Amino acid sequence: MALKPQPAVRQPDSAVTQRLVTHRRELHAAPELSFKEVETARYIAGRLDALGVDKLTEGVGGTGVVAEIRGERPGRCVLVRADMDGLPLTETADVPYRSTRAGVMHACGHDVHMAIVLELARWLAERRHELAGMVRFVFQPAEEQAGGAKLTIDAGVLDGIDRVVGLHVWSQLPTGQVAVPPSVVMASADMFTLIIRGRGGHGALPHLAVDAVVIAAEVVTALQTLVSRETSPVAPVVITLGSVHGGSAANIVASEVVIQGTLRTFDAELRRHLLARIAQVAEGIAGTMRGKSEFRHDSGTPPTINDPAIATLVREAAAGVVGKNAVVPWEPLMVGEDFAYFLEQRPGCFFMLGGAPEGVPVVHHTPEFRIDERCLPIGFQVMTAAVLRLLQPD
Ligand SMILES: [Zn+2]
Ligand SMILES: [Zn+2]
């Protein structure tokens, strides 16, 4: 018996575009911070419930919402992820759907991701009878704090899943373009603290004290040599020590200095090596200078790395929507993204959706952040085509 073909994606009609814009604007107007996405979760769950999804679970990994749509024929199981959180910023744009919450804003475009994935759920729910395989929708909390993905995975959202897919709207990429990186998408992002301990004393009697400030100064300089002297010049690495605090007065030798920093790389092995070396170098220097150093790994996400074969399938699907010339190369970024956790455990792809607004360019995580809403139907079509492709057995 010949298999029925999967449903095909067509140019979205105006009702689809209208729903995408409405959902995006309603979510945009009511942003919530990481792990506090209570109303957002209610909004998403309410709409998914109305679609008659096969399974709906709330409170996953905190405030996450998970739904499934099962096709009537067997096939692969694909996880589609959207993130839900906003950022602690006050929006400056004067738009009717501007954030109604002072100090909270969808300044990374997660409202766009939710609107696209909601519409995908509707599209698939209406075509269940034609569908082969199962799609699990994960609306995860707290991407910005890099904790949400891990908690939803710990809650079991990857059980039975063959492939994963996610997207990020990008304000630096022209609207109409899509980037599907073959491998590295974004960097690992680790936050760490070094506590340098000496022994306090009188500023005029340094020989009776152990100066934590002098030790910290040596540590700050030495850590940069991990980048310049211990890492291949063709392997990108950033070590930034963004905060150094210690001491209480000009004439008192400081007993303690706290250094906070971040490490970024594109390579999982290099990341492990450098985290260990940061601790070692600080300990070694502090020890030599009669002090001590304590290393704390505060948080970290792995690098976001696509599976090359899955990325090829998604790239072909994207080219079918926007045309080959609009699928553009991607220069990996030093920012972190917690979809990396999904990609660590399952083959998958994270693609970038162009959403650069007209006028002055804007950067994510700023009060001026805006996106061009014309990217919504494009993102919906690309995501739909990608999911249909990933459901198919090869
Ligand atoms: Zn962000
Ligand atoms: Zn983001």
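Reader: What spacing do the donors of the zinc ion (ligand 1) follow along the chain?
Author: This is a predicted model, in which local features need pLDDT of at least 70 and side-chain atom pairs pLDDT 80 or more, while totals for chains, interfaces and linings use all residues. Residues are numbered from 1 along each chain as its sequence is written, chains are lettered from A and ligands numbered from 1 in the order in which they are written, and side-chain values use heavy atoms, without hydrogens and water. Donors are N, O and S atoms within 2.8 Å of the metal (3.2 Å for Na, K and Ca), and sites may look incomplete because water is not among the atoms. For the zinc ion (ligand 1), the donors along the chain read C-x35-E-x220-H.

Reader: Which residues coordinate the zinc ion (ligand 1)?
Author: The coordinating atoms lie at 2.0 to 2.7 Å. They are an SG atom, two entries for OE of one glutamate, and an NE2 atom. The residues are C108, E144 and H365.

Reader: Is the site of the zinc ion (ligand 1) regular or irregular?
Author: Four donors count as tetrahedral if all angles lie between 85 and 135 degrees; four count as square planar and six as octahedral if opposite donors are over 155 degrees apart and all others between 65 and 115, and anything else is irregular. The angles among the 4 donor atoms here run from 53 to 150°. The site is therefore classed as irregular.

Reader: Which residue coordinates both zinc ions?
Author: The zinc ion (ligand 1) and the zinc ion (ligand 2) are 3.1 Å apart. The protein donors of the zinc ion (ligand 2) are SG of C108 and NE2 of H110 and H168, at 2.1 to 2.5 Å. The residue that coordinates both ions is C108.

Reader: How many residues apart in sequence are the parts tied together by H110 and H168?
Author: Helices (H or I, at least four residues) and strands (E, at least two) are DSSP runs, numbered from the N terminus. The donors of the zinc ion (ligand 2) are spaced C-x1-H-x57-H. H110 lies in helix α3 and H168 in strand β5 (residues 163–174), so the parts they tie together are separated by 58 residues.

Reader: Is E144 buried, partly exposed or exposed?
Author: Buried means under 20% relative accessible area, exposed over 50%, and partly exposed in between (1.4 Å probe, protein chains only). C108 is buried at 7%, as are H110 at 0% and H168 at 2%. E144 has a relative accessible area of 22%, so this residue is partly exposed.

Reader: The backbone oxygen of which residue lies 2.8 Å from a polar atom of the side chain of S171?
Author: S171 is in strand β5 and is buried at 4% relative accessibility. Its side chain makes a polar contact (N or O atoms within 3.5 Å; within protein, one able to donate a hydrogen and the other to accept it, with residues adjacent in sequence counting only if both atoms are side-chain atoms) of 3.2 Å with that of Q172. The backbone oxygen in question belongs to V362.

Reader: Which residue forms a salt bridge with D111?
Author: A salt bridge is a side-chain nitrogen of Lys or Arg within 4 Å of a carboxyl oxygen of Asp or Glu, and the whole structure has 22. D111 is buried at 0% relative accessibility. Its closest N and O pair is 3.0 Å apart, and the partner is R24.
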